[in-house]
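Subject: The structure for you to look at

Hi there,

Here is the structure I promised to pass on to you. Have a look around it first, and then read my notes below.

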Amino acid sequence: MPFEIDHVIPESLGGLTVRENLCLSCSSCNDRKNCRTAAIDPTTGQLTPLFHPRRQTWSQHFQWRDDGLRIEGLTPVGRATVLALQLNNTVLVTARRSWVRVGWHPPKEEQVRKKRPR
Ligand SMILES: [Zn+2]
């Protein structure tokens with residue numbers, strides 16, 4: 001699946017094309033995020049900011065479930081993001097099942113930290 005460069009804060013909402021506001025996103029997530037910066041947390045029903053990949057740490061808001069097949073939101077931000085971006089849709093879960101089988105997935109926390117630019 002090709003990656004796209006996403007504006008975390010969309011240009012339509014004043015987001016700038018600067019490193020701090022850009023991230024790689026698969027086209028599926030980028031399409032589902034669209035121009036949103038917030039979504040409903042399914043547990044509280046409250047409008048909640050989406051996960052900010054430049055400012056927040058993945059493991060504080062999400063964890064892998066079912067041996068890496070599904071992502072669970074641990075916080076309002078995590079839950080709203082999983083639902084809004086449909087991070088456990090059938091295509092992704094099927095792909096993860098193949099990646100788990102060959103040992104590519106889930107990523108180890110150390111690998112995630114090393115790849116994150118500072
Ligand atoms: Zn994605």
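Let me begin with a single residue: Asn34 counts as exposed, because it has 9 C-beta neighbours inside 10 Å, and a residue with 12 or fewer such neighbours is called exposed. Please keep in mind that this is a predicted model. You will find Asn34 in the loop between α1 and β3. Its phi is positive, at about 55°, although Asn34 is not a glycine.

Now for the overall picture. The protein has five helices and six strands, and along the sequence they follow the pattern β-β-α-β-β-α-β-β-α-α-α. If you draw a box along the principal axes, the C-alpha atoms fill roughly 45 × 30 × 25 Å. Is the radius of gyration what a compact globule would have? For 118 residues one would expect a value near 13 Å, and the protein has 14 Å, which agrees. Of the 118 residues, 18% count as buried. Among contacts with a separation of 6 or more, 49% are between residues 24 or more positions apart.Next, take a look at helix α3, which covers residues 76-84 and is mostly covered: seven of its nine residues are buried. Which residues of α3 are the buried ones? They are Val77, Gly78, Arg79, Ala80, Thr81, Val82 and Ala84. These residues pack against three kinds of neighbour in the list that follows:

- the helices α1 (27-33) and α2 (58-61)
- the strands β3 (38-40) and β4 (47-49)
- the strands β5 (62-65) and β6 (70-73)

Just after α3 comes Gln86, with a positive phi of about 50°.

Helix α3 also matters for the next item, the largest nonpolar core. This core is made up of eleven residues: Cys29, Ala39, Phe51, Phe62, Ile71, Val77, Ala80, Val82, Ala84, Leu85 and Leu87. Its largest share, four residues, comes from α3. In soluble globular proteins, nonpolar side chains tend to be buried together. To see one member of the core in its surroundings, click on Ile71. Setting aside neighbours within four places in sequence, Ile71 is in contact with Phe62, Trp64, Val82, Leu87 and Asn88.

Two of the strands are worth a view of their own. β5 and β6 run antiparallel and are joined by four bridges. Phe62, which we met in the core, stands opposite Gly73 in β6. Together β5 and β6 form a hairpin with four residues between them, and Asp66 in the turn has a positive phi of about 55°. Asp67 lies in the loop between β5 and β6 as well. Its phi is near 60°, a positive value in a residue other than glycine. Is Asp67 buried or exposed? Asp67 counts as exposed because it has 11 C-beta neighbours inside 10 Å, and the cut-off for exposed is 12 or fewer.

Further along the chain is helix α4, residues 90-101, where you can try a small calculation. At 1.5 Å a residue, its twelve residues should span 16 Å, and the end C-alpha atoms are 17 Å apart, which agrees. After α4 comes Gly103, whose phi is positive, near 85°. Then look for Pro106, in the loop between α4 and α5 (109-115). The peptide bond from His105 to Pro106 is cis, with omega near 0°.

Finally, here are two threonines in loops. Where is Thr17 found? Thr17 is in the loop between β1 (3-7) and β2 (22-26). Thr17 is exposed, since 9 other C-beta atoms lie within 10 Å of its own. From C-alpha to C-alpha, Thr17 and His7 are 7.1 Å apart in space and ten residues apart in sequence.

The other one is Thr57, in the loop between β4 and α2. Thr57 is partly exposed, with 13 other C-beta atoms within 10 Å; that label applies because 13 falls between the limit for exposed, 12 or fewer, and the limit for buried, 20 or more. Thr57 and Val91 are 34 residues apart in sequence, and their C-alpha atoms are 25 Å apart in space.

Enjoy exploring, and write back with any questions!

Best wishes

Notes: Residues numbered from 1 in each chain as written. Predicted model: local features only at pLDDT ≥ 70, side-chain atom pairs only at ≥ 80, totals over all residues. Expected span 1.5 Å × (residues − 1). Contact = placed C-beta atoms within 7 Å. Core = buried A, V, L, I, M, F, W, Y, C linked by C-beta atoms within 7 Å. Rg over C-alpha atoms; globule rule 2.2 N^0.38 Å. Pairing = 2+ DSSP bridges.
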